[in-house]
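Me: I've just opened this one and it's new to me. Can you take me through it in plain words?

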Amino acid sequence: MIGFIKVLGSIERMIATIFMGAMTLLVIFDVFSREILNQGIPWAQKSAVYLMIWGGFLGAVMISEKAGHLRPEVADALWGKKQWLFIKVQNIITILFCLFFLYASYMYVSESIKFGDKSVVLKVPIWTLQLIIPYTFASMAVRNIYFLFNPAKQLEIKKELH
């Protein structure tokens, strides 16, 4: 399972890097085009927004890979030797949160498919742009399920970060 999560994390980091780089280049080329050539790229700003959204959601996934997202740390010191129990409770709550929002985002994307919503500027179905939302919650749930059964790994990652 850890091998799968590492490969998945590598792919997600690569995609996030590509999207954030593409977003940056689009904005630069659009500004250059508007200021120097007096003609902007009509789809650049909307594309940059969607690339930023995808990059942000993938960033949330990357933080969860480091056991740092959606995790309150206020009572860590109070648990002492039973910290593994506290981590299990945190993971269960986070898994439930992610599964709830996975379902809600799935319903949201389903509605977009049903209604046939399209991006006016990009001329693509909106649901293809929204797919990152359920993916994010599914990926975060998988990571927290792994941490639920491997609290020592989560503690190890947490100590590396501090």
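Here is a short chat about what the terms mean in this case.

Reply: First, this is a predicted model, where local features need pLDDT of at least 70, side-chain atom pairs count only at pLDDT 80 or more, and totals for chains, interfaces and linings use all residues. Residues are numbered from 1 along each chain as its sequence is written, and side-chain values use heavy atoms, with hydrogens and water left out.

Me: What makes the pattern of the chain α-α-α-α-α-α-α?

Reply: The chain has 7 helices and 0 strands. Helices are DSSP runs (H or I) of at least four residues, strands are E runs of at least two, and both are numbered from the N terminus.

Me: Why is the set with Ala16, Trp54 and Leu58 called a nonpolar core?

Reply: A nonpolar core is a set of buried Ala, Val, Leu, Ile, Met, Phe, Trp, Tyr and Cys residues joined through side-chain atoms within 4.5 Å. Buried means under 20% relative accessible area (1.4 Å probe, protein chains only). The largest such core here has 11 residues, including Cys98, Phe137 and Met140. Helix 2 (44-65) and helix 6 (132-149) each supply at least two of them, and helix 6 gives the most, with 5 residues.

Me: How do you know that Phe137 is in contact with Phe97?

Reply: Contact means heavy atoms within 4.5 Å. Leaving aside neighbours within four places in sequence, Phe137 is in contact with Phe97, Cys98, Phe101, Leu102 and Ser105.

Me: And how much of the chain is buried?

Reply: Of its 162 residues, 36% count as buried.

Definitions and conventions: Buried < 20%, exposed > 50% of the residue type's maximum accessible area, 1.4 Å probe, protein only.
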